[in-house]
Amino acid sequence: MKKLLIIITVLLSTLLLSAQEQQVVPYTLADRDRLSSVEAEIKVLSTKISSLENQMNTKFDAVNERIDSLFWMMGIIAAFMIFLLGYTIWDRRTALKPALDSASRTEDKNKNLINALREYARKHPDLAEILKTHGLL
């Protein structure tokens with residue numbers, strides 16, 4: 001049984017090998033000419049592709065430079081805005097300080113004046129009456 005299987009596989013393999021040997025692929029001069037023209041076209045396309053790659057790289061570099069300059073400009077503008085905000089806050093504080101100091105001094109003088117009037121009103125009832133009507137006593 002095994003011998004029969006071996007004989008069948010050997011016969012089948014020889015038939016397959018002989019079938020492959022019988023198929024001859026013709027290669028003519030026209031085929032050779034076409035192949036050479038295809039190779040020439042491939043070389044031309046290759047040079048065109050490489051030139052297009054170079055053009056794309058230069059354009060990408062230009063775009064990258066534009067983006068970098070844009071980021072620098074945005075950074076400068078943001079720094080300027082922060083500087084202006086800080087300057088505005090500082091200016092308001094320095095501009096308001098004299099007014100606040102003056103208001104504080106005036107308030108102290110008013111308190112002293114009210115205290116003096118209250119002491120004087122202890123001896124003079126008519127002044128005490130006036131201060132009561134105005135809510136100072």
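**Entry 1: a pair in helix α2**

I began with K97, whose side chain forms a salt bridge with D101, and I noted that the closest N and O atoms of the two are 3.8 Å apart. I keep in mind that this is a predicted model. Why can K97 and D101 reach one another along the helix? The two residues lie four apart in helix α2, which spans residues 29-123, so about one helical turn separates K97 from D101. I also looked up how open D101 is to the surroundings, and with a relative accessibility of 35% it counts as partly exposed.

**Entry 2: a second pair in the helix**

Next I turned to E107, which makes a salt bridge with K111, with 3.9 Å between the closest N and O atoms. Here too I checked the spacing, and because E107 and K111 are four residues apart in helix α2, they are about one helical turn from each other. For the accessibility of this pair I wrote down that E107 is partly exposed at 46%, and that K111 is partly exposed at 47%.

**Entry 3: D33 and R32**

I then looked at D33 and R32, whose side chains meet in a salt bridge with an N to O distance of 3.9 Å. Are these two residues buried, exposed or partly exposed? D33 has a relative accessibility of 45% and counts as partly exposed, and R32, with a relative accessible area of 46%, is partly exposed as well. As a reminder to myself, side chains of opposite charge can pair when their charged atoms come close. I took a nitrogen of Lys or Arg within 4 Å of a carboxyl oxygen of Asp or Glu as the rule, and by this rule the count comes to four salt bridges.

**Entry 4: the two sides of helix α3**

Which residues of helix α3, residues 125-133, are buried? I found L127, A128 and L131. Looking down the axis of α3, I saw that these buried residues fall within an arc of 105°, and therefore they line one face of the helix. I asked next what this side of the helix packs against, and the buried residues of α3 turn out to pack against α2. On the face turned away from the buried side I listed the exposed residues P125, D126, K132 and T133.

**Entry 5: after helix α3**

Last, I followed the chain past the end of the helix, where G135, just after α3, takes a positive phi of about 75°.

Conventions. Residues numbered from 1 in each chain as written. Predicted model: local features only at pLDDT ≥ 70, side-chain atom pairs only at ≥ 80, totals over all residues. Heavy atoms only, no water. Buried < 20%, exposed > 50% of the residue type's maximum accessible area, 1.4 Å probe, protein only. Arc of directions from axis to C-beta. Contact = heavy atoms within 4.5 Å.
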